[in-house]
Each structure stands twice: as structure tokens, then as C-alpha cells.
Amino acid sequence: MPVAEQAAGLFSHTDAPVRILDLGSGTGILGAVVAGQSARGSSVTAIEKDPDLIAYSEDSLQQVCDDVRVINASVFDVWLDAEFDRAILNPPYKKIKPMVIGTASGGVKVTNLYTAFLVIAIQALADGGECVAIVPRSWMNGEYFKDFRKWLLAECSLDAVAVYGSRQEHFKDMDILQEIMLLKVSKRPQVDTVTIYDDASPTTPLSEQHADSMPLASLLLGRDHMLRIRQQDDRLIDFKPLCERGLWVSTGKLVWFRNRDILSDTDTPGGYPLYWMDNQDGLVTEHPVQCERPQWTTEEAANRNIVLPAGSYCFVGRFSAKEQLRRIHASYLGSEVPFVVDNKLNYIHRGTSRTTVPLDDAVARGLTLWLSTSIVDEWYRQISGSTQVNATDLRQLPCPEQRQLAALADLLPIDGHMDQMRVDQTVGRMFSWVETS
Ligand SMILES: C[S@@+](CC[C@H](N)C(=O)[O-])C[C@H]1O[C@@H](n2cnc3c(N)ncnc32)[C@H](O)[C@@H]1O
């Protein structure tokens, strides 16, 4: 398994024996590769919940190490002292009900099994100990993982990340809509620069692949410490985050399966137009459209706190297909009547998390163009490896001032046709990234 070798290869070389921990050891492959490259006298402790896999773990570990302990238990039920020099893991990925794990520096809230495993592994490290994990990239952005991120960065040094590009053949069977990465952290003060492989391939040794070394501070974004995997494009440096431009991103308020009784295929008296991702058409939002989803709600929507005021907005779909070229699909809406938005759409306005205030019409159109540029989509990919587009992440997106957005709207009309080159050139000319011809 080349990924196992790449993961083990991230540990620092030492001639001294090391105490190795393998959490969720399965067949023991990861522990075995680490033990195989470690000095004589090293030991491995492996923990695996599945009793059917214990013999496999023992067998593979004993082939490369004389001091092996395989524990058949859940990692949550084993007390580990902070004595390990190396921790390696490829934990299960599964959303869990948020739980707090007690640590030496206080409790940390975790929302996924893999971050729970990481907290346990890092807690078990001795001073100077190193942990390498094969995990999804989702912990690096979004609201969901912010407590974990803050804890991790306070607790240890972020040494290296290797993100496997989303289109890697290697992971295609895993059926996860996330990029996978190797994460290396260590229990010591933060190293000066983090080593980043932003488009790693599992088939070539990492030492032969391109890496950047960047100070941690240059990778952190916003109060929630989101982590990007590339330095900010110079062209975006002067743009403040969208949430500091008097703009706000909210998520549509209609959860359809809780409001089935008010969905309607026809426009009934007092009813409201209903917008789904299906209504996005190029740079505009159409209504009604031919699709399987009802295009209206009944007047009862007014009693459910889901109706938005008439006016101009920019919509951004919350989901994109893996194979789609762009992550961000923005579309303009100018509505003369109040309306309802499905919760698979984000909508941008100039209110707050509690109140929705429509945008100035030209700002809505200019913002749609801005969000449709290649440079913005590229920015988004740097901070998110997922096909989902979160409101929290969008609020951090570099954004021109509202007056600049309004000026942009005058340069290019928007319609159902999205001409990427034209959008990029128009925006590029306005900000002098491309020469005016
Ligand atoms: C993705 S597999 C990785 C196995 C192996 N380390 C590898 O890389 O091939 C995750 C492993 O964690 C084990 N596991 C899941 N939940 C566990 C828990 N609470 N405690 C210990 N092991 C667990 C599973 O049985 C599985 O073997």
C-alpha cells in the first residue's frame, strides 16, 4: 500500500528505538510499515475493535517487531499514557453526535470519529512524539471542526500535510466526497514552516514530489483558523473577507421534508415562489423551471419563518458534483415578490445571521460575476477539499468593496450563459490583472 509507505515516510528518522502506537490497526499494515523502518528494540501497541482482525494485526506486526501488544478494544475504552514516540492511524470517517474528549489542556469538542481518534493519538504522544494520520481534508475548514482545529494548533506543531488531489484514481472506490490527506503533527513548539504537498500523488515517493514550505500564519484564515493549502494568490491580497464588506451569507430556510405539506406544483393565492439549486441557470436564477421539484409554497410558508423579502440577491449552490469543473455556482436573483429558498442554496444579502436585507441590485449582479471567476473558485479549492460549499467558508472569501461590485455589474450583462473566459477577462481588466486590449 503506497499510501502506508508515504505516511510512515513522514516520520523523522532516528536510530533510537521508538514506541509506536497504531490506532484502529485493522490488519496492522500501518504499524508494521513504521516498525519495519524503526530501530531494533522498538515496540508497537495496536488497538483494534474488531475481534476478527486481531490475529491479522498480530501476525503482520510480529513479522517486523519483537515487542508487540495488540489490544482488542475500542480506542475510547483504553487508557493510554503519554509515552509514545510515533502514532500512526487511518481512522474510520463517520459523523458522530458532538462529544467532548477530556485532554490535559481542557475538553475538546469532536464531531467525527476521525478527529476523536486524532485527539486520542495526540494525547498519547510523549514530548517530541510525532503523529501521522490518513484523514479527510474536512477538518481544515468549516464551522464543524473549528474547536478541533483550535485545539490541534494549540496542542502541537503542524509539520506537514500532503493532500491527494480529488481526482486520484487511488481513492475512487472509497466513495467519499472529500479529498484525502496525510497529516503530520508533533508534540513540540510549532516548527517555522509547514511542508505542504498540495497535489500529492500516492504512487510516487513524496520526496520526489513538489512541496512548499510556508509559515503556519500565512496559511491561517479568519478567527476560526481555517487552513488553506496554498499561499493566498497575490491578486487577492488587498481584498477583505466578504463578511467585512457589509455582506452576509445565509443558508436557505426551507427544509423540504419538514415542510412537505406546504410545497405546491402551482401558484396558489398568497403563495410564494420557491427556489432550489435546479433554478440556477448559468449566472441567473430562473423561475419557474421544469424539474421534479415543486416551484411554489402555499401561503402557509408565512407562518414558518422561511420567507425572504423581495429584492436582489446572489445565490450559491451548497453542493457540487465531484466531476464538476467549478465548486462555486453563483446566480443572480432579482425578485419583485417575497420568496422561499431551499436549504441546499446559500443566499448572500446585506443583513446579519438574524435578519435578511436584500442587496443593491448592481451589487447582487457584480457579486455574481465576482463569485463566478476562476480565481475565486481556485481560492475556494485551497480552503476546502469537499464538494460542499459552506456559508462559513464563503464569508471568508476575498471580496471587493460593494461599490466596486456595482461597477463590475456595468461591465458585463449576466444571463443564463456562463462564459468563463469573458467573466475572468472582465474582472481581470477591472482590477488590472490582465491588460486592456
Ligand atoms: C479505515 S480502517 C484502517 C485499518 C488499518 N489501520 C489500515 O490502514 O488499513 C479503520 C479501522 O479502525 C477500526 N475501528 C473502528 N472503530 C474503532 C474503535 N472505536 N476502536 C478501535 N478500532 C476501531 C476498524 O475496525 C478498522 O479496522
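Domain bounds in these legends come from an automatic or database domain assignment. The structure shown is a predicted model.

**View 1. Division of the chain into two domains.** The assignment splits the chain into domain 1, covering residues 2–231, and domain 2, covering residues 240–430. Taken over C-alpha atoms, the centres of domain 1 and domain 2 are 37 Å apart. To the contact, domain 1 contributes 17 residues and domain 2 contributes 14 residues.

**View 2. The interface of domain 1 and domain 2.** The size of an interface is often given as the accessible area lost when the parts come together. Between domain 1 and domain 2, about 1,400 Å² is buried, and carbon and sulfur atoms account for 44% of this area. Seven residue pairs are in polar contact across the interface of the two domains, with both residues of each pair at pLDDT 80 or more. On the side of domain 1 that touches domain 2, the residues comprise six nonpolar, five polar and six charged.

**View 3. The salt bridge between Arg230 and Glu378.** The side chains of Arg230 and Glu378 form a salt bridge, with an N to O distance of 2.7 Å. Between domain 1 and domain 2, the count of salt bridges is one.

**View 4. Residues around the ligand.** The ligand is surrounded by 16 residues, of which Gly24, Glu48, Ser74, Val75 and Asn90 come nearest. Sorted by class, this shell holds eight nonpolar, five polar and three charged residues.

**View 5. Polar atoms of the ligand and their partners.** In the side chain of Glu48, an N or O atom is 2.6 Å from an oxygen atom of the ligand. The side chain of Ser74 places an N or O atom 3.1 Å from a nitrogen atom of the ligand. For Val75 the partner is a backbone N or O atom, which lies 2.9 Å from a nitrogen atom of the ligand. On its own the ligand has 590 Å² of accessible area, and the protein covers 79% of that area.

Technical notes
Residues numbered from 1 in each chain as written. Predicted model: local features only at pLDDT ≥ 70, side-chain atom pairs only at ≥ 80, totals over all residues. Heavy atoms only, no water. Contact = heavy atoms within 4.5 Å. Buried area = accessible area lost by both parts, 1.4 Å probe. Salt bridge = Lys/Arg side-chain N within 4 Å of Asp/Glu carboxyl O. Polar contact = N/O pair within 3.5 Å; in protein donor to acceptor, adjacent residues only side chain to side chain. Nonpolar A, V, L, I, M, F, W, Y, C, P; charged D, E, K, R; others polar. Near = heavy atom within 4 Å. Areas by Shrake-Rupley, 256 points an atom, 1.4 Å probe, with all protein chains shown as cover.
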